[in-house]
Every structure is written in structure tokens, then in C-alpha cells.
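Trainee: I'm new to reading models like this one. Could you walk me through it, feature by feature?

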Amino acid sequence: MKRRYDVLVVGGGPGGALAARTAAEKGLSACLIEKRPAIGVPVRCAEGIGKEALKEFIEPDDRWISAEVHGAQIVAPDGTSMTVEQKMAGSKVGYILDRKIFDRELVWQAAAAGADVFVKTRAVAPIMEDGRVRGATVAFCGEDRKVAADLVIAADGIESKFARWCGLDTTVPMRELMSCAQYVLTDIDIDPHLTVFYFGNRIAPEGYIWVFPKGERTANVGIGISGRKSKDGHRARHLLDRFIADRFPRGKMVECIVGGVSVCRPLPCTVADGLIVVGDAARLADPMTGGGIANAMITGRLAAEVAAGCISKGDVSRDALMPYDDGWRLSRMGKSLEKNYRIKEIFITLDDAKLNALIQSASRLDLKDFSVLTLVRELIQRNPKMLLELKSLYSVLK
Amino acid sequence: MLVIHRDICGYCGACVSVCPEGALELIDAYLTVDDHCTACRICTRICPLGALEVADEAKV
Ligand SMILES: Cc1cc2nc3c(=O)[nH]c(=O)nc-3n(C[C@H](O)[C@H](O)[C@H](O)COP(=O)(O)OP(=O)(O)OC[C@H]3O[C@@H](n4cnc5c(N)ncnc54)[C@H](O)[C@@H]3O)c2cc1C
């Protein structure tokens with residue numbers, strides 16, 4: 001490990017990997033550190049990603065694609081279901097990845113582009129000079145080293161301690177932390193090309209249960225519930241066990257995964273002097289779906305692009321780095337994060353009777369001919385009791 | 001005082017993200033708590049597995 005780099009990237013997930021790869025491609029000296037002993041494990045993800053979003057960054061490869069998804073099924077609390085096929089679901093149709101291999105491939109690409117990579121190497125504190133971030137103290141096998149850098153990219157995921165140490169408050173509000181549990185279940189009857197989402201305040205309060213195929217008879221079966229709904233005997237794991245006992249009593253468990261996803265608004269500012277925050281660390285997971293892989297890659301790449309310009313001009317102050325913050329906020333991704341945040345806030349107020357009514361009437365529509373807006377307008381006509389919720393939904397979507 | 005049940009903990013870091021004091025730190029599979037912890041119980045609530053507990057000082 002050198003004593004000095006242009007860019008130090010903290011975290012070896014998709015955000016950090018894209019930041020390091022892009023920085024190296026731009027001719028910067030870059031170092032990526034990951035505190036775990038291996039990239040990509042343990043998995044903390046249901047591994048779903050849209051096709052278009054993925055192709056922006058990497059050519060799809062069978063080595064890390066577990067399944068191709070052709071449609072999504074939505075199941076209401078009363079069991080009513082509707083299936084949204086490829087044509088209608090648009091960019092939501094995609095792949096279920098094998099993130100153990102996928103994350104490793106991304107880091108390999110960063111290394112191939114010229115970045116240094118170290119695992120079992122943890123950032124323990126920023127190096128601060130006159131209030132500016134100038135690198136980090138890192139611990140490798142119990143030994144502390146100082147690594148100086150013009151700029152640090154914090155890509156440390158849901159924990160997001162690095163930005164916190166630099167003075168940004170990254171705390172996720174309890175009600176906006178989705179508490180998640182998931183099993184990889186095998187020997188179960190599923191449609192190997194369909195993702196299934198189960199809604200209901202009894203089975204998954206303020207969240208949902210997912211079944212994402214990973215092969216002919218294998219799937220990621222998981223749950224996310226709001227932190228405020230989680231309590232003794234009623235935690236993500238308990239609710240998931242209950243669902244599985246009911247649905248897949250004969251499923252065999254080959255992996256147990258837990259984790260947290262933020263569904264809050266992004267950090268109010270994602271840059272500071274000498275620091276850029278990307279991906280989950282910046283609270284950029286989608287508040288509706290909890291998906292964050294694509295947003296981590298988008299912001300990882302953008303961070304390195306902005307960094308390259310600022311470093312060549314010799315100015316990495318917060319002001320100089322603002323094009324990163326403005327860049328993602330004003331992009332399609334930033335706008336859809338805000339829109340989906342507001343939709344989520346409406347959605348979590350719906351009780352099971354309302355969820356049933358909504359999904360029942362939507363399932364009766366011929367979805368091929370509808371845009372999302374006409375769909376909501378149609379739902380308003382059919383559900384006069386939900387006028388208030390649907391009207392606010394309509395105004396968010398407009 | 002916060003007690004970490006290591007046999008239950010899945011070292012996912014969800015608790016780290018909600019801690020208002022930044023008192024929790026995950027070192028690979030080993031979760032630690034420092035003396036900034038105020039026993040506010042937010043982490044004990046959100047843990048997907050129930051690995052965290054605020055124990056009565058007297059009983060510890
Ligand atoms: C149960 C669950 C299901 C999910 N399902 C989906 C899904 O289907 N689709 C989707 O798009 N997203 C999903 N997500 C979200 C997705 O996993 C994240 O959005 C994505 O991994 C974010 O990438 P990242 O690079 O920002 O962070 P991460 O992938 O979390 O990477 C951060 C890395 O930083 C490392 N790190 C932390 N602190 C330090 C430090 N001090 N020093 C060095 N390294 C450090 C961590 O060990 C970690 O490897 C899910 C999440 C969970 C928990």
C-alpha cells in the first residue's frame with residue numbers, strides 16, 4: 001500500500017468498485033479498501049436489478065446471472081394477484097444476480113484498470129487537516145497505517161460511518177430502516193422467471209415479502225419490515241419463518257441473510273471538503289423497492305468523474321465538488337428517488353382492506369393499454385373510498 | 001447496558017446505521033459497542049434477529 005493516492009475509496013461494494021474503476025480509467029492513482037476478508041460475502045441482498053440499469057455499467061455475463069426475469073407478480077393480503085409482464089414493467093424487468101461473483105467481478109475490473117485493492121483493511125478514522133478530509137487511517141491485520149489522499153470516496157454502505165466521522169449525520173431514522181431477513185431456499189416450486197411480491201400489514205408491515213428466482217427450484221425468499229414495526233417475537237426473521245412455514249414448508253435453506261436498507265430521503269448534502277459519499281452510504285436506495293445496486297454504481301462512477309476534474313484543477317473543496325451532488329440530484333435517478341419517497345409515504349398508510357381493493361381493481365384492468373398515470377386515474381374511479389390517498393398519489397406522479 | 005448476543009448476531013450492520021451516537025462498529029463478523037451508547041434501544045428494536053438487548057445494570 002502506498003502512502004499517498006489521488007483517491008482513496010472506502011468500501012468494496014458496487015459503489016466503491018465503480019468509483020475505483022472510473023478513477024483509474026481517468027488516470028488517477030486510486031486505492032480501494034474493503035474491511036471484510038473477501039469481496040461480495042456475506043451477501044446482503046435479494047440481487048434483483050433492471051436490465052437497462054445493469055447494461056450501463058457491465059455486459060451481462062452468465063457467470064454472475066442466476067436468473068432472467070420476465071415479469072412480476074403482486075399478491076394482495078387477501079391472495080388476489082396480478083402479473084405485470086415484460087412489456088408493461090419496462091426497465092423493472094431484469095436479472096437476479098449472483099452477487100458473490102458480481103461484486104468480485106466489478107472489483108476485478110477496478111484492479112485491471114489500475115486501482116490498488118486491499119481486503120481485510122478497514123478505515124478507522126479520517127485524516128483531517130483544517131477541517132478538510134485528507135485521507136484515512138486504515139487498519140490492516142491489527143496494524144494502523146496512514147494513507148493520504150486528495151479525496152476520499154465513502155462507499156461504506158448501510159453502516160456509513162466514514163462520512164459520520166467527517167461530520168455528516170448519516171443516522172437512518174428507525175421507521176425508515178427496513179429490517180430484512182432472507183433465506184436462499186431450494187427444492188421449492190416457483191416460476192423461474194417471475195419475481196413475486198407479497199403485501200400486507202400482517203405479513204410484512206410497511207414492507208413486503210419477495211420471492212426472487214435463482215434457478216429452476218431455488219429462490220431468494222426474504223422480507224423487509226419497517227424498523228418501528230419490529231419487536232420481540234415479531235422481527236423480520238420471525239415473520240419470514242411464518243411465511244415460509246405456510247408457503248414453502250418443504251423448502252431447504254442453503255443460506256441465511258440479514259441486513260438493513262434505508263428508505264429515507266438521501267443525505268441533505270453528499271459532499272464535504274475532500275469527501276464524496278456514494279451509494280447506500282449516501283442513503284440512495286430506492287424508498288419504494290429498497291433497490292440500491294444501480295444507484296450505487298451510478299453515483300460511484302459520477303463521484304470519480306467529478307473527482308478527476310477537481311483534482312486536476314487542484315480544488316477539492318465542498319463547493320468544487322458540488323457538481324457531484326447537483327449531478328445525481330437533478331438526474332433521472334435523483335428525481336425518481338424523490339418521487340418514490342413520496343409514493344412510499346402514501347403507500348405505508350394503506351391498511352389491508354385498501355391494499356386488497358387497490359390490487360383487485362388493478363388486476364381487472366387491461367394493463368397493456370395503460371400508463372401509470374391512467375392506471376391511477378382509473379383506480380380513483382373504481383375506489384371512491386380511497387380518493388384521498390389516490391389523489392395524492394396522482395399528484396406525486398403527475 | 002447493551003448486551004450483544006454473538007450467537008444470534010448476523011453481523012449485517014443494520015444497527016450501526018440507526019445508532020444516533022455512532023456507538024456501534026462492525027469489525028468483520030464482530031460487532032462492538034463503545035461508551036457513547038445511551039441504551040436508547042433503537043438498535044434492539046430494529047435488529048432482524050433480536051441479537052441486541054439492553055440489560056439491567058444490576059443484573060449484569
Ligand atoms: C436484504 C436486502 C435485500 C436487498 N435487495 C436488493 C435488490 O434486490 N436489488 C438492489 O438493487 N438492491 C438490493 N439491496 C440493496 C443493495 O444491497 C445495496 O443498495 C448495495 O449493495 C449498495 O452498494 P454500496 O456499494 O453502496 O454498498 P455495499 O454493497 O454495502 O458495500 C459497502 C462495503 O463497504 C465495506 N465497509 C464498511 N465500512 C468500511 C470501512 N470502515 N472500511 C472499509 N470497508 C468498509 C462493507 O464491508 C461493504 O462491503 C438489498 C439490501 C438488503 C439488505
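Mentor: Let's go through the chains, then the ligand, and then a few backbone details. Keep in mind that this is a predicted model.

Trainee: Let's begin with chain A. How many helices and strands does chain A have?

Mentor: Counting elements is a handy way in. Chain A has 12 helices and 18 strands. Its C-alpha atoms fill a box of roughly 60 × 45 × 40 Å along the principal axes.

Trainee: And how do I judge the radius of gyration of chain A?

Mentor: Set it against what a compact globule would have. For 398 residues that would be near 21 Å, and chain A has 22 Å, so the two agree. You can also look at burial: buried residues make up 56% of the 398 residues in chain A.

Trainee: Into which domains is chain A divided?

Mentor: A domain can be pieced together from separate stretches of a chain, so read the ranges with care. Domain 1 takes in 4-40, 100-171 and 267-330, domain 2 takes in 48-97 and 173-262, and domain 3 is 340-397. The C-alpha centres of domain 1 and domain 3 of chain A lie 39 Å apart.

Trainee: Now chain B. In what order do the elements of chain B run?

Mentor: Start at the N terminus and you get β-α-β-β-α-β. That comes to 2 helices and 4 strands in chain B. The radius of gyration of chain B is 10 Å, close to the 10 Å that the globule rule gives for 60 residues, so chain B is as compact as a globular protein of that length. Buried residues make up 48% of the 60 residues in chain B, and the C-alpha atoms fill a box of roughly 30 × 25 × 20 Å along the principal axes.

Trainee: On to the ligand. Which residues are closest to the ligand?

Mentor: Look at the shell around it. The ligand is surrounded by 34 residues, and the closest are Gly15(A), Glu34(A), Ala46(A), Gly48(A) and Asp280(A). By class, the shell has 12 nonpolar, 13 polar and 9 charged residues. Helix H1 (14-25), strand E9 (121-129), strand E16 (252-262) and helix H7 (293-313) of chain A each supply at least two residues of this shell.

Trainee: Why does the ligand lie between domain 1 and domain 2 of chain A?

Mentor: Check who contributes to the shell. Both domain 1 and domain 2 of chain A give residues to it, so the ligand lies between them.

Trainee: Which polar atoms should I look at around the ligand?

Mentor: Try the N and O atoms on both sides. A polar side-chain atom of Arg99(A) lies 2.9 Å from an oxygen atom of the ligand. A backbone N or O atom of Glu47(A) is 3.2 Å from a ligand oxygen, and a polar backbone atom of Gly292(A) is 2.9 Å from a ligand nitrogen. Of the 990 Å² of accessible area that the ligand has on its own, the protein covers 92%.

Trainee: What about phi of Glu47(A)?

Mentor: Look at the sign. Glu47(A) is not a glycine, yet its phi is positive, about 75°. Glu47(A) sits in the loop between E2 and E3 of chain A, and at 3% relative accessibility it counts as buried.

Trainee: Is Arg41(B) buried or partly exposed?

Mentor: Arg41(B) has 45% relative accessibility, so it counts as partly exposed. Its phi is also positive, near 75°, and its place is the loop between strand E3 (30-33) and helix H2 (42-46) of chain B.

Trainee: Which peptide bond is cis?

Mentor: Omega tells you. The bond from Val41(A) to Pro42(A) is cis, with omega near -10°. Pro42(A) is in the loop between strand E2 (30-33) and strand E3 (48-50) of chain A.

Notes
Residues are numbered from 1 along each chain as its sequence is written. Chains are lettered from A and ligands numbered from 1 in the order in which they are written. This is a predicted model: local features need pLDDT of at least 70, side-chain atom pairs count only at pLDDT 80 or more; totals for chains, interfaces and linings use all residues. Side-chain values use heavy atoms; hydrogens and water are left out. A residue is near a molecule or strand if one of its heavy atoms lies within 4 Å of it. A polar contact is a pair of N or O atoms within 3.5 Å; within protein, one must be able to donate a hydrogen and the other to accept it, and residues adjacent in sequence count only if both atoms are side-chain atoms. Accessible areas come from the Shrake-Rupley method with a 1.4 Å probe; for residues, only the protein chains shown count as cover. Ala, Val, Leu, Ile, Met, Phe, Trp, Tyr, Cys and Pro count as nonpolar, Asp, Glu, Lys and Arg as charged, and the others, Gly among them, as polar. Domain bounds come from an automatic or database domain assignment. The radius of gyration is taken over C-alpha atoms; the globule rule is 2.2 Å times the number of residues to the power 0.38. Buried means under 20% relative accessible area, exposed over 50%, partly exposed in between (1.4 Å probe, protein chains only).
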